[in-house]
Amino acid sequence: METGDRYEPYRLIDAGGVPVEPAAVFFQELLAAGKVAATVRSYGMDLLRWWRLLHAVDVAWDRATRVEARDFSCWIQGAVKPRATAGARRSARVAGTPNPVTGKPTLGPGYAPSTVVHRETVLRRFYDLHRDAGSGPLLNPFPLDLARRSGRAHAHHNPMDAWAPEKAGRYRPSVPRRIPRSIPDEWFNTLFAALPSNRDRALIAFWVSSGVRASELIGIRQCDVDPGQQLISVVRKGSRARQQVLSAYDKLALARFP
């Protein structure tokens with residue numbers, strides 16, 4: 001439930017309409033770590049699904065075992081996600097089929113693998129927090145599984161690469177590595193040619209070359225753009241801090257569309 005309070009932006013309510021105190025403590029830890037309200041909401045949705053399952057099987061959150069965690073993991077990987085009426089009327093393509101323009105895969109009827117993985121991480125951290133504070137069970141229902149580690153940790157590590165995580169949750173499914181999505185050149189050229197003026201083309205090229213998220217570009221003001229220095233000031237998604245990013249577009253691109 002959204003509260004409108006900056007110090008408690010979201011609150012988890014149980015079936016009786018009472019705020020869930022363990023979830024409130026977890027949310028405060030997230031805010032203290034610098035997480036934004038959107039992150040608190042995302043983590044709260046994972047806790048909400050878990051609380052609903054515990055209510056259905058009549059098990060208290062601090063009495064949950066790995067049996068409930070296992071059953072929850074099996075359920076969420078095969079469950080049909082509730083959809084809005086407008087979304088249900090869309091023309092259905094085969095789940096996972098990429099969009100021909102953006103490359104984004106078509107959503108299926110169930111939860112995406114990334115959502116399932118995110119759920120496991122959130123619940124493991126939730127129980128780790130209360131275990132360390134002495135307010136939760138001593139055994140985390142969502143433990144790490146060292147048996148899923150293949151060989152020696154960091155064997156043959158390339159010093160030029162980042163350190164990869166060597167531990168995985170026991171109930172954490174594997175997610176295929178995704179390649180960055182991009183608009184094909186012919187579609188971008190079509191968009192460029194459809195713009196009415198070189199001014200608009202220069203603005204689009206200036207913004208796209210920065211490589212920042214579309215949600216960050218939406219919040220740009222006139223004073224945030226410095227074409228002379230080829231800099232754009234944006235509010236970053238995670239930290240919400242204002243940061244200057246380099247934006248260097250190719251002026252010769254404008255010559256193709258006089």
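Three strands, in the order 5-6-7, form an open sheet with antiparallel pairing; strands here are DSSP runs of E with at least two residues, helices are runs of H or I with at least four, and both are numbered from the N terminus. Two strands count as paired if DSSP finds at least two bridges between them. Strand 5 (225-226) and strand 7 (242-246) stand at the edges with a single partner strand each, so one side of each has no neighbour in the sheet. Strand 6 (residues 231-235) and strand 7 are joined in the antiparallel sense by five bridges, and Leu231 has Leu246 of strand 7 as its bridge partner. Strands of a sheet pair through backbone hydrogen bonds, either parallel or antiparallel.

Another antiparallel pair is formed by strand 1 (residues 2-5) and strand 2, which two bridges join. The connection from strand 1 to strand 2 is a hairpin of two residues, and Glu2 has Tyr10 of strand 2 as its bridge partner.

**Model and overall composition**

This is a predicted model, in which local features need pLDDT of at least 70 and side-chain atom pairs count only at pLDDT 80 or more, while totals for chains, interfaces and linings use all residues. Residues are numbered from 1 along each chain as its sequence is written, and side-chain values use heavy atoms, with hydrogens and water left out.

The average pLDDT of the protein is 80, and 81% of the residues score at least 70; pLDDT is the predictor's confidence in each residue, from 0 to 100. Over residues 84-89 the pLDDT is below 50, and this stretch has zero contacts in the model beyond near neighbours in sequence, a contact being heavy atoms within 4.5 Å. Residues 251-258 also have pLDDT under 50, but for them the model has 13 contacts beyond four places in sequence.

The protein contains nine helices and seven strands. Of its 258 residues, 29% count as buried; buried means under 20% relative accessible area, exposed over 50%, and partly exposed in between, with a 1.4 Å probe and protein chains only. Among contacts between residues at least 6 apart in sequence, 53% join residues at least 24 apart.

**Helices 1, 2 and 5**

The expected span of a helix is 1.5 Å times one less than its number of residues. For the 12 residues of helix 1 (residues 21-32) this gives 16 Å, and the end C-alpha atoms are 17 Å apart, which agrees. Helix 2, with 21 residues, reaches 30 Å from its first C-alpha to its last, close to the 30 Å expected.

In helix 1, the buried residues are Pro22, Ala23, Ala24, Phe26, Phe27 and Leu30. Their cover includes strand 2 (8-10), helix 2 (37-57) and helix 5 (113-133). In helix 2, the buried residues include Asp46, Arg49, Trp50 and Trp51, and the cover of its buried residues includes strand 2, helix 1, helix 3 and helix 5.

The axes of helix 1 and helix 5 come within 10 Å and cross at roughly 100 degrees; axes are lines fitted to C-alpha atoms, for helices over the stretch in contact, and angles run from 0 to 180 degrees between N-to-C directions. That makes helix 1 roughly perpendicular to helix 5, a class covering 65 to 115 degrees, whereas angles under 35 degrees count as roughly parallel, over 145 as roughly antiparallel and the rest as oblique. Pro22, Ala23, Val25, Phe26 and Glu29 of helix 1 make the contact with Val122, Arg125, Phe126, Leu129 and His130 of helix 5.

**Individual residues**

Three residues are set out below with their location and relative accessible area.

| Residue | Location | Relative accessible area |
|---|---|---|
| Asp58 | loop between helix 2 and helix 3 (66-78) | 70%, exposed |
| Glu120 | helix 5 | 0%, buried |
| Arg124 | helix 5 | 15%, buried |

Leaving aside neighbours within four places in sequence, Glu120 is in contact with Phe142, Pro143, Gly169, Arg170, Tyr171 and Arg172. Under the same exclusion, the contacts of Arg124 are Asn140, Phe142, Pro143, Leu144, Gly169 and Arg172. Glu120 and Asp46 are 74 residues apart in sequence, with 8.6 Å between their C-alpha atoms.

Positive phi values occur just after two of the helices. Gly34, just after helix 1, has a positive phi of about 90 degrees. Helix 2 is followed by Asp58, with a positive phi near 60 degrees, although Asp58 is not a glycine. Most residues other than glycine have a negative phi.
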